[in-house]
Amino acid sequence: MNSNSTFFERDNYFIDQRAHFSKPYNKYQIFNNNKEIIGFVKERMTKGNVILRQLVGANILPSEIEIRSGNGTLEVLLSRSWFFRNSKVVILDPRKNVLGCIKKKMSLFKSTYFVLNTSNEIIAEISGDDKEWDFMIIDSSKDKIIGSIDKKLEGIMSQIYRSGDKYNVNINTDFSNRNDKIAIFSSAIAMYML
C-alpha cells in the first residue's frame, strides 16, 4: 500500500458510473466535494469473460476491480471468486495483502453486508434498502453510525451527475485503524459485486 497516499483521508466520496457497452469493463469516477476527480474504479475482463457474462450473468463469474487514485496509483484491489451461496469479496492492498472482506446476508426486503478485518472479525455492518440504494454503516458494536451510502445527491454534486449509476459514500475520518477505513470504503464499491 502506498503509505503516502491521501486517498482514504477524506470523509466524502461521490461515485459516478460510466458504463461502456462496447468495452469489456465498467468504469466509475470518484469525485471529492469540489467536483474534482480524485480516483476511479475499473473492472477489466477478458473477451471470454465478456461472452460468459452475457450467457450466465455478471454476478456468477469471478471478478477483479481496481480502485485507483486520480494519478493512476493502485490503492485497493477487490477480488471475488466464482459466485456461490456464501460468496465474499476479498479486499487487498496493492501488494495483494488481505485487508479484509465483505459478505452479504440476503433477505426479502433488506440487504445486510458485513465488513470483516483480517482476523475475520466484523468491523462494520452495512444495511439498508437495495432498491432505494440507501444504506447506513454501523460499527461492530451496533451503537454508532459511522457512515452512509445513498443516492441523495444535493447541491454541487447533483449538477455533475446526469447519467449512469451514482451514489454518495460518507465515512467518518476518525478511525484509529486505517485498514478498517479502507475496508469499509472498499465495501461500498464491492456491494455491486455481491
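Is Glu-66 buried, partly exposed or exposed, and what is its relative accessibility? I will begin there, and I should say at once that what you have in front of you is a predicted model. Glu-66 counts as partly exposed, because its relative accessibility is 28%, and the cut-offs that matter for this step are under 20% for buried and over 50% for exposed. The side chain of Glu-66 takes part in a salt bridge with Arg-68, in which the closest N and O atoms are 2.9 Å apart.

The count of salt bridges comes to two, and the other one joins Lys-142 to Glu-125, with 3.3 Å from N to O. This pair links distant parts of the chain, since Lys-142 sits in the loop between S10 and strand S11, which covers 145–150, while Glu-125 belongs to strand S9, 17 residues apart. If you look at the two ends of this bridge, you will find that Lys-142 is exposed because its relative accessible area is 55%, whereas Glu-125, at 12% relative accessibility, counts as buried.

That brings me to strand S9 itself, which runs over residues 122–129 and is mostly covered, with six of its eight residues buried. On one hand, S9 pairs with strand S8, residues 111–116, in the antiparallel sense and over six bridges, and within that pairing Tyr-113 has Ile-126 as its bridge partner in S9. Five residues lie between S8 and S9 in the hairpin that they form, and in that turn Asn-120 has a positive phi of about 65 degrees. On the other hand, S9 is also joined by six bridges to strand S10, residues 134–139, and these two run antiparallel as well. Here Asp-129 has Asp-134 as its bridge partner in S10, and the hairpin of S9 and S10 has four residues between the strands, with Trp-133 in the turn showing a positive phi of about 55 degrees.

Let me turn now to the nonpolar core. The largest nonpolar core has 37 residues, and the members that touch the most others are Ile-149 and Phe-185. The element that gives the most to this core is helix H3, residues 178–190, which supplies seven residues. Leaving aside residues up to four places away in sequence, Phe-185 touches several side chains that you can look up one by one, among them Ile-30, Ile-67, Val-169 and Ile-171, and also Phe-7, Phe-8 and Tyr-13.

Those last names lead to the aromatic rings. A pair of aromatic rings is described by the distance of the centres and the angle of the planes. There are six aromatic pairs in the structure. For Phe-7 and Phe-8 the ring centres are 4.9 Å apart and the planes stand at 85 degrees, so this pair is edge-to-face. For Phe-7 and Tyr-13 the centres are 5.7 Å apart and the planes are at 45 degrees, so that pair is tilted. Phe-7 is buried, as its relative accessible area is 2%, Phe-8 is buried at 4%, and Tyr-13 is buried too. Taken together, ring pairs link Phe-7, Phe-8, Tyr-13 and Phe-185 into a cluster.

I will finish with Leu-78, which lies in strand S5, residues 74–80. Why does Leu-78 count as buried? Its relative accessible area is 0%, and the cut-off for buried is under 20%. Between Leu-78 and Lys-96 there are 9.7 Å in space, C-alpha to C-alpha, although the two are 18 residues apart in sequence.

Conventions: Residues are numbered from 1 along each chain as its sequence is written. This is a predicted model: local features need pLDDT of at least 70, side-chain atom pairs count only at pLDDT 80 or more; totals for chains, interfaces and linings use all residues. Side-chain values use heavy atoms; hydrogens and water are left out. A nonpolar core is a set of buried Ala, Val, Leu, Ile, Met, Phe, Trp, Tyr and Cys residues joined through side-chain atoms within 4.5 Å. Buried means under 20% relative accessible area, exposed over 50%, partly exposed in between (1.4 Å probe, protein chains only). Contact means heavy atoms within 4.5 Å. Two strands pair if DSSP finds at least two bridges between them. Rings of Phe, Tyr and Trp (its six-membered ring) pair if their centres lie within 6.5 Å; planes under 30 degrees apart count as stacked, over 60 as edge-to-face and the rest as tilted. A salt bridge is a side-chain nitrogen of Lys or Arg within 4 Å of a carboxyl oxygen of Asp or Glu.
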